[in-house]
Structure formats: C-alpha cells, structure tokens
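Have the sequence and the model open side by side. The paragraphs below go from a set of charged side chains to a sheet and the helix that packs on it.

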Amino acid sequence: MKSVRIIKFAGLVVMACLAMSAYAQEPATSEPPTGGESPTGGESTGESNSFVVDKIIAKVDNYIVTKSELEQAYQDYVTNGGSPSAQAKCSYLAMLVRNKLMLAKAEIDSVVVLDGEVDLNTQNRMDMIVSQSGRSVNDLEELYGKTLEQVKLELREQVREQMIVSKMEEEMTKGVAVTPSEVKRFFSKIPKDSLPYISASVEVAQIVRIAKVSEAQKSITRGELMDLRKRILAGEDFAELARKNSDDPSVIQNGGEMGWSGRGRMVPEYEAMAFKLKPNEISMPFSSPFGMHIMQLIERRGSEYNSRHILISPKPSKKDLQDATRYLDSIRTLVVNDSIKFQKAAKEFSDDVPTKGNGGFFSDRDGGTRLTVDELDPIIFFKLDSMTVGEISQPIAYRTDDGKDAVRILFYKGRVAPHEASLEQDWTKIQAATLAEKKDKILQKWFQKARTDVFINIDPTYDNCGLLDERR
C-alpha cells in the first residue's frame, strides 16, 4: 500500500508538534450525545445521560494513542489550512503511532531527558496558558474541571514525551541536509495544478533599543519591595501580596511559590540567594535579569530547594524612553545618510537577540526572511501599511515579548505579491519542504525496522490506513 504520508508544502506542518497540549486551547464543552461509540467502541445505550468516553485506538507497548489525540492533531491541521481527507487523518495517526514507538524504543535504549529541563518547559507552558487566558485561577480551574496543579502534572508528562520524541528524531536525522538539485527534483514532482498559492509576504527588519532603567527608577522599585517585605513580616499573606504585586505571570496560579528546584534550573542570582537563606527567612531585594525580587526560602533538602518570590521589574521613566529614542534616531540618521548599512547597524547596536544576528530581519520557521501577514506581528503589519518599500521608520515605542519598554526603527525592505509557488521566489520554503520529506523518509525507514521490537496494535477501524502493512 502506498505511503499515507502527506507533505503539506505551503504551511510545512511541523511533525514534532503533533503531540501538542490540549491545554493550550480552551476545552470544548459538549452536550451528552444521543448515540455513538461506547467506551469499548460499540453503540451507546442512547439514554439521555450517556456520553462518549475517549477511546484507545492504538497501543505501542505501554503507550497508547487515543481518539481525542488524533482528532486534535487532525483538527489543528485543518484549522491551519490543510485539506480535509481520510488520507490526511491516516497520516496523523501514523505520526502519533511513530511518536509512541519512539517513546517505547527510548525506554529500551535508556534515552532520557533531564527532569530540570522538563520542569522548566512545563512551567513555561503553564505561564503561557495562564497569561494568555486572562482568567483568574478559580475561573481556569472551573473551566478545566480540575486544579491547575493537576493540569500541570498532566501537562508535564506530555512535555516529557514531546522532548524525548524530539531528542530521538534529532539523533536519527542529525546531519541530514539537501542539495540544490534535490530541492529542484522535489519541486518538479509537484503537479502544476497542485502548486500552492503563496500569500503576500514582506521583508522587514528592526533595530531595537531597550530603555535603560535609571538608578532612580531602580531605587523606587527597591523601596516598593522593602515595603512588601515589611508587610509580610508583619503578618500579611505572601501569596496574596505576590498575586497583587508580582510581575511574574505564573503568580496567578502559584502565589509566587516556585516549587522544588535543583541546581542550574534558576538564574544564578536567584539560586545563589536560595542557598544563602535559612528556612522561612525573607531576603532583602536583589536583582536578576528579570528584575528585582524578594525571596522566602520555604525548605531546602541537599541541593534542592523550594522558594517563593515577588518580582517587580523596574519601569523606565519618561526620560529613559526619550534617551532610547534619541539613540535610535542617531542610528537612523547614519543609515539614511548611507554612513552604515541597516543590517550592519542591527548587528552592532540592536538589543533584540533573535533578530540582530540576522541583520535585524524577522525570519519565518524555515529561516527565510519573507513573512506572510499571518506570521507578522499585527502591530508591525499596520505600521508597514503606512510606509513605502525602502523606507526606514522613525523610532517607535513598544513593549518586548518579555515585557520590557523599548524603542525600535523598522526597515521595510520589500514586498512580494500573492503568487503561485516558484523556485525563484520561494526557495527557502521549498528547501524546507524537501528537507522535511527527506527526514520523514529516514523516520519511516526506522519505523519499519523498529516496530518489530515492540508490540503494536491498531484498532480495526483504521485498517484502511495500512499502518502495519509491510510495504507502505
């Protein structure tokens, strides 16, 4: 049977992200169905209080794939522009089964990821979920029907599995590259009537100056933390004050308590303070790359500790922002007068690490510098709407992704109108698709060999996918 693999060229669906967390989206509320599958796959009783229980559709040793996992992955594919089809759904089932096989093989081969890395990634996911929801802890717990600590524990296992799968894939495809001739061959195989239509795209670069906070502003923040410290020592609840005053987004769910941490997980300044304090002692204000903190050590066991903190990031004054604006205005003048190229100025002077190494240019997930409208920050998109190609903007105040007050200038280098995909205009995307196909062939070959080492069972409902056929 032919491979059910689908290469989605236009969007390049990232295979490793199929096991994405359902917690990143609001859970759908569902009414009890009048009929459908029972927990065992048969028909439900049809009673008014009946409901569909999630169903196991594949087993790989001790790992399972549920119907909800498949439906979630498939729905994400369709939502992101994929064409609905039975073949596409089979592709995603194959990918999920392959991921579970990687987990089973990783267990056999003793491939592990560090607990500290798993915890850090899990906490980052939780912070993102909480900050993007804009809801209170109680609202979120009511929405999910469980405590956020339970959500975090379940999410942690998903994160751990994703990290192991990524590690296995990286190891198996390490060093894989494609040549220009391979890219051309890949593109030539795409039927002319199936060439994807590429949306309008732009090339835009930036030079960023983060407002330097004056000592006067730092002193104000230090005073705020000292006042909070006094209130806690006088008997006020640490968690309550943290929720009202801390700039750490995770405070909504944890009241400032960071949980057990081992050496190397936190930034050095935070970790050093944790090992200086005695249990229940509250520190004086101290600085880290995130801002200024006060910390209470809850408990320490050997090289691990549990702590809580309040973080306040010093805010730049109006003068601090004006200084940043003047600095960028002088850089802009140099570029406009052709005393320095924008790309060189970005590499030398920009404070934005992700873009400065690329000459200030924003890049897509394939490393290309042309971004479609949906890949571009809406604020930048609307600013470009008032600019002409080749123009460099005046300094614009904005806030960075990590909440810092900053100023930037934008260089609108170019725009490409909507068009049918071509090698000349879309080389980076086609190259990425070619590489994805090459890596996928390696993983498919590995799957055929490795599947004999573990027990795999697929629900008969999906026999048409041919996942266990000898020649797929």
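**Charged pairs and a small sheet**

Arg160 has a relative accessibility of 22%, so it counts as partly exposed. The model is a predicted one, and the classes used here depend on a cut-off: a residue is buried under 20% and exposed over 50%, with partly exposed in between. The partner of Arg160 in a salt bridge is Glu157, with 2.7 Å between the closest N and O atoms. Glu157 has a relative accessible area of 34% and is therefore partly exposed too. Both Arg160 and Glu157 belong to helix H5, which covers residues 148–172. Three residues separate Arg160 and Glu157, about one turn of the helix.

Side chains of opposite charge can pair when their charged atoms come close. Over the whole structure, a search finds 23 salt bridges. One of them joins Lys105 and Asp453, with an N to O distance of 3.1 Å. This pair links distant parts of the chain, since its members are 348 residues apart. Lys105 lies in helix H2, whereas Asp453 lies in the loop between helix H15 (423–450) and strand E13.

Is Lys105 buried or exposed? Its relative accessibility is 12%, and Lys105 therefore counts as buried. Asp453, at a relative accessible area of 45%, is partly exposed.

Another salt bridge is formed by Arg231 and Glu236, whose closest N and O atoms are 3.0 Å apart. Arg231 is partly exposed at 31% relative accessibility, and Glu236 is partly exposed with a relative accessible area of 37%. Elsewhere, Glu69, Lys100 and Glu161 are joined into one network by salt bridges that share partners.

The next part to find is the sheet. Strand E1 takes in residues 56–60 and strand E2 residues 63–66; the two pair in the antiparallel sense over four bridges. Two residues lie between the strands of this hairpin, and Asp61 there has a positive phi near 55°. To follow the pairing of E1 with E2, look for Ile56, which stands opposite Thr66, and for Ala58, which stands opposite Val65.

Which residue of E13 stands opposite Ala58? That residue is Ile458. E13 consists of residues 456–458, and its pairing with E1 is antiparallel, over three bridges.

Put together, the strands make an open sheet of three with the order E2-E1-E13 and antiparallel pairing. E2 and E13 are the edge strands, each pairing on one side only. On average, neighbouring strands of the sheet are turned by 20° against each other, direction ignored. Helix H2, residues 86–108, packs on this sheet and touches E1, E2 and E13. The direction of H2 makes about 165° with that of E2.

Helix H2 brings the account back to the charged pairs. The helix that touches the three strands is also the one that holds Lys105, and the loop that holds Asp453 runs between H15 and E13. The salt bridge of Lys105 and Asp453 can thus be located by starting from the sheet.

Notes:
Residues are numbered from 1 along each chain as its sequence is written. This is a predicted model: local features need pLDDT of at least 70, side-chain atom pairs count only at pLDDT 80 or more; totals for chains, interfaces and linings use all residues. Side-chain values use heavy atoms; hydrogens and water are left out. Two strands pair if DSSP finds at least two bridges between them. Axes are lines fitted to C-alpha atoms, for helices over the stretch in contact, and angles run from 0 to 180 degrees between N-to-C directions. Contact means heavy atoms within 4.5 Å. A salt bridge is a side-chain nitrogen of Lys or Arg within 4 Å of a carboxyl oxygen of Asp or Glu. Buried means under 20% relative accessible area, exposed over 50%, partly exposed in between (1.4 Å probe, protein chains only).
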